[in-house]
Amino acid sequence: MNPIVIKEDKCIGCALCVNDCPSSYLYIEDGKAHTNTGSCLECGHCYAICPQGAVVMTNYDCPEEAAVPMTELPSDTLLAAMRSRRSIRQFTDQTVEQEKIQKILEAGRYSPTGGNSQNVSYIILGSKQKEAEALCVDLFRKGTSLPSRFASFSERFKITDDFFFKGAPLVILVTSKSDVNAGLASSYMEIMAESLGLGVLYSGFFVACTRFSRKLRRLIRIPKGHKVITCMVIGYPAVKYHRIVPRKPLQSITL
Ligand SMILES: Cc1cc2nc3c(=O)[nH]c(=O)nc-3n(C[C@H](O)[C@H](O)[C@H](O)COP(=O)(O)O)c2cc1C
């Protein structure tokens, strides 16, 4: 079925959809928008830009929700909050409410993906969190099946029982074929989590374990063709930071 259907009775032929379509899928004829036979990204720009509500996307539930521009967020506050964000390694016992988890996942779902592939998935470790962490602890303590750069960690760090997840109540793995797509989704999710009063730690060590342990991969059920790109350890922070940390000077050139 054609992914885009134009309701002729509503279309006024303004061409806003045609001009904004990234894949030249639309054209105007006889004062109405029509669809080509080429490929459609299903990005939804035509749906979002149409002032008449004349576009239907047949493969999706079409939300009637009004768009909210990011300008609604005060940029100075946003920047200050971004600079104040810290990796959290100490969490309280408080569980993360289901509505907050849904908001975090929704932020990931709406992050941009190359070619609108929407090829990012999310695994909440839930009932397998303890078992997954125990497997990783075992792996790091033994060190033998790890490449040398990771094997040295077992000497450099004390591998406690909570080394990977720090006692946090929620762990979300972000998986994809694309490092960039999953990275962007994670960043959206992190900002959402922070705005909900939660703290986040990226556990790169856990991601490393997913590369080396088949047993772990079987346990966490990664979608076919995907890799675990980030492991987001989430919970209520048990620490508060009073000031912004120093950073290296900005490296930026204008050519
Ligand atoms: C991809 C990625 C992986 C990370 N992995 C770990 C990790 O396994 N364990 C850890 O304690 N911190 C980890 N971190 C946190 C970094 O050490 C931290 O971001 C950095 O020290 C800067 O501190 P800040 O995030 O508080 O600004 C990771 C961060 C990123 C972005």
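Two residues are in contact if their C-beta atoms, placed from the backbone, lie within 7 Å. Bear in mind that this is a predicted model: local features need pLDDT of at least 70, side-chain atom pairs count only at pLDDT 80 or more, and totals for chains, interfaces and linings use all residues. Numbering runs from 1 along each chain as its sequence is written.

**Exercise 1.** Work out which residues of α4 are buried, how they are arranged, and what covers them.

*Solution.* Start with the element: α4 spans residues 98-109 (helices are DSSP runs of H or I, at least four residues, and strands runs of E, at least two, numbered from the N terminus). Next, count neighbours: a residue is buried if 20 or more other C-beta atoms lie within 10 Å of its own, exposed if 12 or fewer, and partly exposed in between, with C-beta atoms placed from the backbone. That picks out Ile104, Ala107 and Gly108 as buried. Now look down the axis: the buried residues fall within an arc of 105° (taken over directions from the helix axis to the C-beta atoms), so they line one face of the helix. Flip to the other side and you find Gln98, Glu99, Gln102 and Glu106 exposed. Finally, the cover over the buried residues includes β5 (120-124), β6 (170-176) and α8 (179-195).

**Exercise 2.** Find the residues that surround the ligand and the elements that supply them.

*Solution.* Take every residue whose C-beta atom, placed from the backbone, lies within 6 Å of the ligand. You get Arg86, Ser87, Arg89, Leu201, Tyr202, Ser203, Gly204 and Phe205. Then map them: β7 (199-202) and α9 (204-212) each supply at least two.

Technical notes:
Expected span 1.5 Å × (residues − 1).
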